[in-house]
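Here's a small set of exercises to work through with the model open in your viewer. Try each task before you read its solution.

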Amino acid sequence: MTLINSETSLIDISVGGMTCASCVGRVEKALNKVPGVVNASVNLATESARIQVLGGTALEPLLRRAVRDAGYEPRSQLQADAAMNVSPWEGFAHVAWGAALSLPLVLPMLGDLGGQHWMLPAWLQFALATPVQFVLGARFYKAGWHALKALSGNMDLLVALGTTAGWTLSVWLWWRAAPGSMPHLYFEGSAVVVTLVLLGKWLEARAKQQTTSAIRALHALRPETAHWMGPDGYVDVPLAEVLVGDALVVLPGERIPVDGVVLEGETQVDESMLTGESQAVVKIAGQTLTGAAINGEGRVTMRVTAVGQETVLAQIIRLVEDAQAVKAPIQRLVDQVSAVFVPVVIGVALITFAAWLLQGALFETAVIHAVAVLVIACPCALGLATPAAIMAGTGVAAQHGILIKDAQALELAHQVDTVAFDKTGTLTLGQPRVTEMWAVCAAEQAHGLAVAAGLQSGSEHPLARAVLSMAHRQGVTALTCTQARSRSGRGVEAEIQGRNYAMGSLAWMQAEGLDLAPWQAQVARMYAQGATVSALSERAPQGWVLLALFAFGDEPKPGAAQALAALRQRGLRLVMISGDNVAAANAMAVRLGLRPEAGEVRAEVLPADKAALIHQLKEGGHIVAMVGDGVNDAPALAAAHVGMAMGTGTDVAMHAAGITLMRGDVALVADALDISARTVAKIRQNLFWAFAYNVAGIPLAALGFLNPVLAGGAMALSSVSVMANALLLKRWTARPSTR
């Protein structure tokens with residue numbers, strides 16, 4: 001369960017027994033009737049329900065009872081995990097038995113084509129078809145009965161009605177036949193339809209397993225045990241017993257059990273399961289280790305920092321599961337259609353029966369055509385079209401280092417025409433260094449650096465870290481400051497040794513009354529070099545007095561310029577957002593291949609104004625994606641149509657974004673847009689064929705061009721084809737132009 005806010009929460013329930021889009025609608029209807037439910041969304045492909053409720057988990061027993069009363073099985077987490085990990089051959093025994101019993105019934109039909117008459121006696125046809133109809137087909141009667149009790153319909157009801165009508169007609173014709181005669185019976189039609197539907201459901205289940213392979217692969221990355229470091233050396237303990245703060249030993253070639261930091265040793269770690277990047281990363285003492293990554297040739301000791309659901313791997317699994325469980329907006333159309341689909345089909349079957357009788361057809365002929373309508377009209381393909389593609393798309397994205405936690409973001413991303421980038425940490429390395437410190441009084445430079453380091457000692461801002469790094473390199477000790485007051489996006493002010501100092505952007509310091517006129521030559525020189533410039537000042541009786549100027553420089557990320565060029569080739573508009581001054585922002589933009597003269601740079605943008613800028617772009621009619629990494633990017637990420645957070649950034653940014661790029665690689669932006677386009681294309685293809693199949697198939701069956709056997713085969717083929725089409729997404733690879 002995941003909290004939404006202080007009043008509502010989410011409850012996830014695994015649901016067994018659903019077979020088509022109508023089942024989804026029935027479960028949703030039952031759940032939404034439970035008092036306290038705000039909204040219920042059911043996913044056929046994941047066989048799960050996500051319910052937003054008022055209050056806590058006290059409603060869960062009522063929700064599970066509602067699922068059961070609707071005729072479906074509310075499964076425990078253990079049962080859900082078991083269902084996810086069943087053998088690919090699970091359920092094939094029913095198909096095999098159905099084929100074995102149906103084949104003798106079909107052979108005489110094949111013999112007739114060659115002029116051979118192998119018709120089996122009526123009693124033997126009855127003996128072969130009845131177990132198929134009522135033993136192997138029992139699942140259809142059970143689920144269909146529950147649907148009838150709920151005054152609704154589903155695929156099972158259509159199959160049960162159609163095959164029972166064919167079986168009953170055959171028994172009636174056999175009973176009415178004259179002694180010694182051989183009437184034409186339809187036992188083979190009912191038996192083969194049941195067998196084909198069972199085959200289709202088995203193939204569909206196998207395909208579903210493949211769509212969830214990304215989740216299963218992530219679960220499989222967890223090692224079973226860890227080497228716990230005790231007073232007498234290390235001992236193997238179950239992973240569930242590892243606690244935060246424990247010391248663990250990781251041997252060469254093993255998977256790192258949980259998240260932590262290196263205490264001793266040096267190694268290289270393969271983090272491709274997180275980032276999609278196969279290149280090993282060097283890890284030394286003090287650096288972080290991520291659970292499930294593969295240790296290289298070094299033996300290291302680590303201190304545990306996160307276990308269980310708090311590890312990075314658990315969060316990744318949760319994000320992918322959330323994306324696959326959430327219903328895409330396009331699915332609403334399918335839900336509206338499926339809600340009335342089965343009753344309409346039953347009505348069409350009755351009209352078909354009556355119309356053939358009115359045309360003078362035999363009673364048995366009218367029944368057969370009505371049965372064909374019932375059998376071919378299964379809405380399975382409709383129910384699977386969208387979730388199957390969403391699951392395959394999010395799965396392949398996760399394998400390439402792109403975590404999509406919002407199905408709406410996946411559906412919208414292909415429409416993006418404008419991509420806005422935060423500069424620092426997104427397009428650049430985000431590790432600026434002090435390229436120059438110019439002091440008004442050269443003799444006071446060391447003191448000025450000590451003051452600046454003291455002001456920045458409590459900040460995590462990249463520029464603050466650059467100042468502290470410079471002080472460390474020069475052996476300067478930061479002075480202790482008191483009454484520090486941070487000015488968001490501007491700078492910091494504090495008291496040091498009884499005197500007031502401030503350090504921040506030139507625009508802020510000038511607004512506070514600092515006169516920079518005497519130092520314009522120095523400022524202009526630093527700006528000309530593309531530097532970000534900050535001023536260190538002291539408050540005097542006459543106002544702020546300049547002590548020193550600091551010039552900061554950053555470097556573009558490797559491959560960022562090529563990635564931006566690839567996005568431009570896709571016809572996208574690019575915008576870089578920076579808090580730097582215009583000259584510094586433009587200088588970096590030119591290095592990245594952006595065009596300041598074309599309005600692709602927005603400089604001197606305060607953190608609070610980033611979201612307003614995104615809204616401004618949206619109001620211009622653009623579909624906007626925002627790419628960022630910092631806490632101050634979170635409002636803009638949330639404001640954009642599609643937010644993409646760098647996985648190397650902050651947790652706040654990643655929670656605000658619908659898509660997380662685990663490598664922090666700008667090239668992944670194009671990859672995410674491409675996966676979105678491919679996924680939406682698959683959704684549209686699936687929906688087209690699912691609708692087209694029913695639009696074409698039902699009239700053909702009603703007009704007598706399809707018998708029940710062909711209708712059953714076509715129905716099974718439709719569901720399997722939709723799943724197979726979605727699985728083609730698993731073959732997706734990044735375009736060479738994005739690398």
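**Exercise 1. Find out whether Ala292 is buried or exposed, and check its backbone.**

Step 1: Ala292 has a relative accessible area of 1%, so it counts as buried (under 20% relative accessible area, with exposed over 50% and partly exposed in between; 1.4 Å probe, protein chains only).
Step 2: Look at the backbone: phi of Ala292 is near 85 degrees, a positive value in a residue other than glycine.
Step 3: Place it: Ala292 sits in the loop between β11 (288-289) and β12 (294-295). Strands here are DSSP runs of E with at least two residues, helices are runs of H or I with at least four, and both are numbered from the N terminus.

A word on the input: this is a predicted model, where local features need pLDDT of at least 70 and side-chain atom pairs count only at pLDDT 80 or more, while totals for chains, interfaces and linings use all residues. Residues are numbered from 1 along each chain as its sequence is written, and side-chain values use heavy atoms, with hydrogens and water left out.

**Exercise 2. Do the same for Gln483: is it buried or exposed?**

Step 1: Gln483 has a relative accessibility of 55%, so it counts as exposed.
Step 2: Gln483 belongs to strand β17 (residues 482-487).
Step 3: Its phi is positive, about 55 degrees, although Gln483 is not a glycine.

**Exercise 3. Work out how strand β3 is enclosed, and what it pairs with.**

Step 1: Count the buried positions: five of the seven residues of β3 (residues 48-54) are buried, so the strand is largely enclosed by the rest of the structure.
Step 2: Take the β1 partnership: β1 (residues 8-16) pairs with β3 in the antiparallel sense over seven bridges. Two strands pair if DSSP finds at least two bridges between them. Ile11 stands opposite Ile51 in β3.
Step 3: Now take β2 (residues 37-43): six bridges join it to β3, and the two run antiparallel. Val37 stands opposite Val53 in β3.
Step 4: Check the turn: β2 and β3 form a hairpin with four residues between them, and Glu47 in that turn has a positive phi of about 50 degrees.

**Exercise 4. Which residues of helix α6 are buried, and how are they arranged?**

Step 1: Get the geometry: α6 (residues 138-149) has 12 residues and reaches 17 Å from its first C-alpha to its last, close to the 16 Å expected at 1.5 Å a residue. The expected span is 1.5 Å times one less than the number of residues.
Step 2: The buried residues of α6 are Phe140, Ala143, Gly144, His146 and Ala147. They cover an arc of only 155 degrees around the axis, which puts them on the same side of α6; the arc is that of the directions from the helix axis to the C-beta atoms.
Step 3: Flip to the face turned away from the buried side, and you find the exposed residues Lys142, Trp145 and Lys149.
Step 4: Just after α6, Leu151 takes a positive phi of about 55 degrees.

**Exercise 5. Repeat the analysis for helix α22: which residues are buried, and what covers them?**

Step 1: In α22 (residues 582-592) the buried residues are Ala584, Ala585, Met588, Ala589 and Leu592. They cover an arc of only 135 degrees around the axis, which puts them on the same side of α22.
Step 2: The cover includes α16 (423-427), β20 (532-540), α21 (560-569), β22 (573-577) and β23.
Step 3: Just after α22, Gly593 takes a positive phi of about 85 degrees.

**Exercise 6. What surrounds Lys682?**

Step 1: Lys682 is found in helix α26 (residues 667-702).
Step 2: Lys682 is buried yet has no salt bridge (a side-chain nitrogen of Lys or Arg within 4 Å of a carboxyl oxygen of Asp or Glu). The nearest side chain of opposite charge, Asp674, is 12 Å away; Lys and Arg count as positive and Asp and Glu as negative, while His and the chain ends are not counted.
Step 3: Leaving out residues up to four places away in sequence, Lys682 touches Ala389, Asn725, Leu728 and Leu729, where contact means heavy atoms within 4.5 Å.
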